[in-house]
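Subject: Structure handover

Hi,

Here is the structure for you to load. My notes on it follow below.

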Amino acid sequence: MKILNATLLLVALLTSGSGYALSPAAEEGKALYPACHVCHNPSQDPPLGPPMWGVKRRYQRASMNEEEFVQRMMSFVKAPSEEKAIHDEALSQLGLMPAMPFDDETLFKIVNYILEERFAPPCDHWEIAIKRAQTRGDMDHAQKDLRQFKRFCQ
Ligand code: HEC
């Protein structure tokens with residue numbers, strides 16, 4: 001029995017492709033995530049939204065556990081407001097995100113996908129942001145993104 005379980009786990013890991021399995025809710029959320037990726041795509045120039053890698057890190061730091069992470073993110077996405085927003089930098093540069101017309105069940109799946117997915121550091125985004133900051137003479141911003149790029153992309 002133990003061998004069978006281990007074999008099933010191995011098959012699940014191998015077939016998931018990236019070496020880890022998403023929960024069923026997150027798997028459904030993944031199929032809906034393109035609705036967020038249209039703006040949260042890290043390769044956009046100019047960007048329409050902040051890369052989800054950084055959004056997720058901020059929500060993880062601001063939350064005590066996964067339940068709070070999910071509740072907090074669902075609450076923002078349903079009805080974005082400046083009071084709820086914790087990504088100050090994106091808010092000041094891009095303006096407040098529009099509300100997304102999803103019901104709670106759908107949003108729960110999308111947010112669980114964000115929680116479970118291992119997003120790659122947004123190296124393209126930083127390269128684009130460094131060039132844009134240099135062009136407008138904002139050297140503080142260029143330096144900050146360069147530090148992130150060196151830390152996570154080199
Ligand atoms: C039309 C473009 C657009 C779409 C579509 C979009 N976002 Fe955003 N999102 C933004 C922008 C711009 C910001 C940064 C400003 C802000 O924080 O409100 C943002 C910020 C966020 C934040 C951080 C908010 C904060 O400051 O605390 C979360 C969480 C988020 N988005 C989740 C989502 C999810 C989940 C989806 C898909 C269901 C989604 N977004 C779809 C544009 C978009």
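Start at Ile110. Leaving aside residues up to four places away in sequence, Ile110 touches Gly29, Leu32, Tyr33 and Cys36. Please keep in mind that this is a predicted model.

Ile110 also belongs to the largest nonpolar core, which has 13 residues. Within that core, Met73, Ile110, Val111 and Ile114 touch the most other members. Three helices each supply at least two of the core residues: α4 (52-62), α5 and α7 (104-116). The top contributor is α7, with five residues. As background, nonpolar side chains in soluble globular proteins tend to be buried together.

Next, α5. Which of its residues are buried? They are Phe69, Met73 and Phe76. Viewed down the axis of α5, these buried residues fall within an arc of 60 degrees, so they line one face of the helix. The general rule behind this: an α-helix has 3.6 residues a turn, so residues three or four places apart point the same way. The buried residues of α5 pack against α4 and α7. Those two helices also supply residues to the largest nonpolar core, as does α5.

The length of α5 checks out too. At 1.5 Å a residue, its 13 residues should span 18 Å. The C-alpha atoms at its ends are 18 Å apart, which agrees.

Now the ligand. There are 24 residues around it. Cys36, Cys39, Gly49, Ala85 and Met97 come nearest. The elements that give two or more residues to this shell are α3 (34-40), α5 (66-78) and α6 (88-94). Of the elements, α3 gives the most, with five residues. So α5 appears twice: it gives residues to the ligand shell and to the largest nonpolar core. Cys36 also has two roles, as one of the residues that come nearest to the ligand and as a contact of Ile110.

What is the make-up of the shell, in nonpolar, polar and charged residues? It divides into 21 nonpolar and three polar, with no charged residues. That split may be of use when you set up the ligand site.

Last, the chain as a whole. The protein chain has nine helices and zero strands. From the N terminus on, the elements run α-α-α-α-α-α-α-α-α. Of its 154 residues, 19% count as buried. Among contacts between residues at least 6 apart in sequence, 60% join residues at least 24 apart.

Best wishes

Conventions: Residues numbered from 1 in each chain as written. Predicted model: local features only at pLDDT ≥ 70, side-chain atom pairs only at ≥ 80, totals over all residues. Near = placed C-beta within 6 Å. Helix = DSSP H or I, 4+ residues; strand = E, 2+ residues; numbered from the N terminus. Nonpolar A, V, L, I, M, F, W, Y, C, P; charged D, E, K, R; others polar. Core = buried A, V, L, I, M, F, W, Y, C linked by C-beta atoms within 7 Å. Buried ≥ 20, exposed ≤ 12 C-beta atoms within 10 Å, placed from the backbone. Contact = placed C-beta atoms within 7 Å. Expected span 1.5 Å × (residues − 1). Arc of directions from axis to C-beta.
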